[in-house]
Amino acid sequence: MDFQRYAIYYTAPAGPLADFGAAWLGWDVASGQPVDHPPIRGLDEDISSLTKNPRKYGFHGTIKPPFRLAEGKTVEQLASATERLCRNLDALTLEGLELTQIGRFLALTVIGETRPLAELASKVVRSLDAFRAPPTDAELAKRRKANLSDRQDAYLMEWGYPYVMEEFRFHLTLTGRLQPNLAKTVHDILEPALANVLPIPFQIADLTLAGEDQQGQFHEVRRFNLATQTASAEKA
């Protein structure tokens, strides 16, 4: 399949979290197939409308944001570089995940210390930047509609995306922008539905190279295991 953009994501391994995320959003990034939305007790809103904007990306946490391949680079080269990089990045064990309202959308965010995850993301952004084509004027203009800070604008120019390095905030998006009352309602209904789904602890043991098809839907291209803490210590 030909892809127009690529990204490095965290995507949940097969299991309850991955199943819930795919069904909730209506798209399984691993299989590249639509999924029926789950029944959620008490939720009267149409899940399809709540999840329309994030659906195309699938259930994921961004590590390196979507980018077009630089001239002369191939996806095979990108995959090989990503595999080499992942062999030298430690797997992470974090405290857990929780349902959070970020601005006007809902997402799963990390409980507790997030610095190791931010450092991992920064290494991936820097290490694979040679594969990223510069953003177009239209892409820059679209990003700047968000009233970026000076630092965010500088990161946009340097890395092609404003929310990297110190501006990085890991999250797994669950909805598009919602009105405040609706966001609270959906949060309160979803929270008990997630009680037996959210992992404690939350482990990141691999990263996913994802590709965006011509219809804008993201698919898993390859998964790459991260090094274990033990292996990392042995290298040292």
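**Strand β10 and its surroundings, helix α7 and the flanking loops**

In the predicted model, T208 of strand β10 has R223 as its bridge partner in β11. On the side of strand β1, the residue bridged to T208 is Y9, and T208 therefore has a partner in β1 as well as in β11 under the bridge assignments that define strand pairing. The pairing of β10 (residues 206–212) with β11 (residues 218–225) is antiparallel and comprises 7 bridges, while β1 (residues 5–10) is joined to β10, also in antiparallel fashion, by 5 bridges. β10 and β11 together form a hairpin in which 5 residues lie between the two strands, and within this turn G216 adopts a positive phi of about 90°.

Strand β10 is mostly covered, with 7 of its 7 residues buried. The side of the strand towards which D206, T208, A210 and E212 point is opposite to that of L207, L209 and G211, and the residues of both sets are buried. T208, which is bridged to R223 in β11, thus belongs to the set that also contains the acidic residues D206 and E212.

Shortly before this strand in the chain, a cis peptide bond is found between I200 and P201, with omega at about 0°. P201 lies in the loop that links α8 (180–193) to β9 (202–204).

In helix α7 (residues 150–159), the buried positions are Q152, Y155, L156 and W159. These residues line one face of the helix, because their directions, viewed down the axis of α7, fall within an arc of 105°. The packing partners of the buried residues of α7 are α5 (115–127) and α6 (137–144). The helix is followed by G160, for which phi is positive, near 85°.

Positive phi values also occur in residues other than glycine in the loops on either side of α7. N147, with phi near 55°, is located in the loop between α6 and α7, and its relative accessibility of 68% places N147 in the exposed class, because the cut-off for that class is over 50%. M165 likewise has a positive phi near 55° and is situated in the loop between α7 and β8 (172–173); here, however, the relative accessibility is 9%, so that M165 counts as buried, the limit being under 20%.

How values were computed. Residues are numbered from 1 along each chain as its sequence is written. This is a predicted model: local features need pLDDT of at least 70, side-chain atom pairs count only at pLDDT 80 or more; totals for chains, interfaces and linings use all residues. Side-chain values use heavy atoms; hydrogens and water are left out. Buried means under 20% relative accessible area, exposed over 50%, partly exposed in between (1.4 Å probe, protein chains only). Helices (H or I, at least four residues) and strands (E, at least two) are DSSP runs, numbered from the N terminus. The arc is that of the directions from the helix axis to the C-beta atoms. Contact means heavy atoms within 4.5 Å.
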